[in-house]
Amino acid sequence: MAIRTVGVVGAGQMGNGIAHVFALAGYEVLLNDIAQDSLDRAVATIDKNLDRQVSRGKVSAEDKAAAMARIRTTMVLTDLGPSDLIIEAATERETVKQQIFDALQPHLAPGTILTSNTSSISITRLASRTDRPEKFMGFHFMNPVPVMQLVELIRGIATDQATYQTMLGVVESLGKTAASAEDFPAFIVNRILIPMINEAVYTLYEGVGNVQSIDMALKLGANHPMGPLELADFIGLDTCLAIMNVLYEGLADTKYRPCPLLTKYVEAGWLGRKTQRGFYDYRGEVPVPTR
Ligand code: CAA
């Protein structure tokens, strides 16, 4: 099936990056959010991030202007119904995602493919409550979306081959690479990455190292572009904790228990960069470790 029009639900960190890469690849994008503020901020962020790419010679000024012209916004979720492809990138809460798919369902075109950018919720379960589980997939982008090469494609138990093939083509058209994952808790990237981050928090909790030494160790000792605690702040500590809980409950194995220190940071509302404080304090000129 040919995909031309794309509806993106949620204009946050992931949604704006997804709209950015689709518009740049020539798709018509309709971006939805419940708040006009978020839509305005998303468009401004896309504009700024495209400018970065223009200034580094990765995108021409004409292509940037064409991409911006392909992005429209709406606060009316059901406007997205007729899109060829819908990508849900709303808050990582199953009830929120469920309400979005329920509201969209009566307005969908017969061929519309439904996808969710969830980082850990069961695709099979989300799909089973729609009228088209065979046309439903997990479509998991990495942050920052315009920079990261990988997209995870997750088939639910009912996803058909035609939908999977179409989505492989879409990933290719974005200039990205797909990793196919089966539908088990946290898929591939987060199954491996988030327990590593959780272990880094245990290393801090047990006093084996401080924030600085742990991050330096992994950056210089394992060539990671960011240390695990810096990366946790980048992802959001609430998201890291939510994913650990999905692993812990979904796989029923104590090796996935979230570190109490991670829970404490989340309880404090120190969620990382988005709240200006996490394992680092971002309120000053340079990030300062909080432990
Ligand atoms: N849009 C467009 N371009 C961007 C960008 C954005 N949002 N953010 C960064 N860039 C570009 C920069 O312009 C720069 O371009 P050039 O290479 O052409 O100079 C390049 O990306 C590198 O950026 P910086 O020089 O500013 O900074 P950096 O070298 O420190 O790299 C980083 C930043 C790419 C984020 C790097 O630190 C990195 O790869 N970190 C790890 C990211 C990661 O692991 N992401 C996955 C998180 S897990 C996830 O997302 C899944 C989940 O469900 C939780």
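In the predicted model, a side-chain N or O atom of Lys58 lies 2.6 Å from an oxygen atom of the ligand. His140 also places a polar side-chain atom 2.8 Å from a ligand oxygen. The backbone contributes as well: a polar backbone atom of Asn143 is 2.8 Å from a nitrogen atom of the ligand. The ligand taken alone exposes 1000 Å², and 70% of that area is buried by the protein. Around the ligand there are 18 residues, of which Arg56, Lys58, His140, Asn143 and Asn190 come nearest.

The protein chain is assigned two domains, with domain 1 covering residues 5–182 and domain 2 covering residues 191–289. Their centres, taken over C-alpha atoms, are 27 Å apart. Contact between the domains involves five residues of domain 1 and four residues of domain 2. About 400 Å² is buried between domain 1 and domain 2, with 60% of this area on carbon and sulfur atoms. On the domain 1 side, the greatest losses of area to domain 2 fall on Ser119, Ser120 and Asn143, which together account for 67% of what that side buries. Asn143 is thus listed both among these residues and among those nearest the ligand.

No salt bridges were counted between domain 1 and domain 2. The count of residue pairs in polar contact between domain 1 and domain 2, with both residues at pLDDT 80 or more, is likewise zero. The side of domain 1 that touches domain 2 nevertheless comprises four polar residues and one nonpolar residue, with no charged residues.

Definitions and conventions
Residues numbered from 1 in each chain as written. Heavy atoms only, no water. Domains from an automatic or database assignment. Contact = heavy atoms within 4.5 Å. Buried area = accessible area lost by both parts, 1.4 Å probe. Salt bridge = Lys/Arg side-chain N within 4 Å of Asp/Glu carboxyl O. Polar contact = N/O pair within 3.5 Å; in protein donor to acceptor, adjacent residues only side chain to side chain. Nonpolar A, V, L, I, M, F, W, Y, C, P; charged D, E, K, R; others polar. Near = heavy atom within 4 Å. Areas by Shrake-Rupley, 256 points an atom, 1.4 Å probe, with all protein chains shown as cover.
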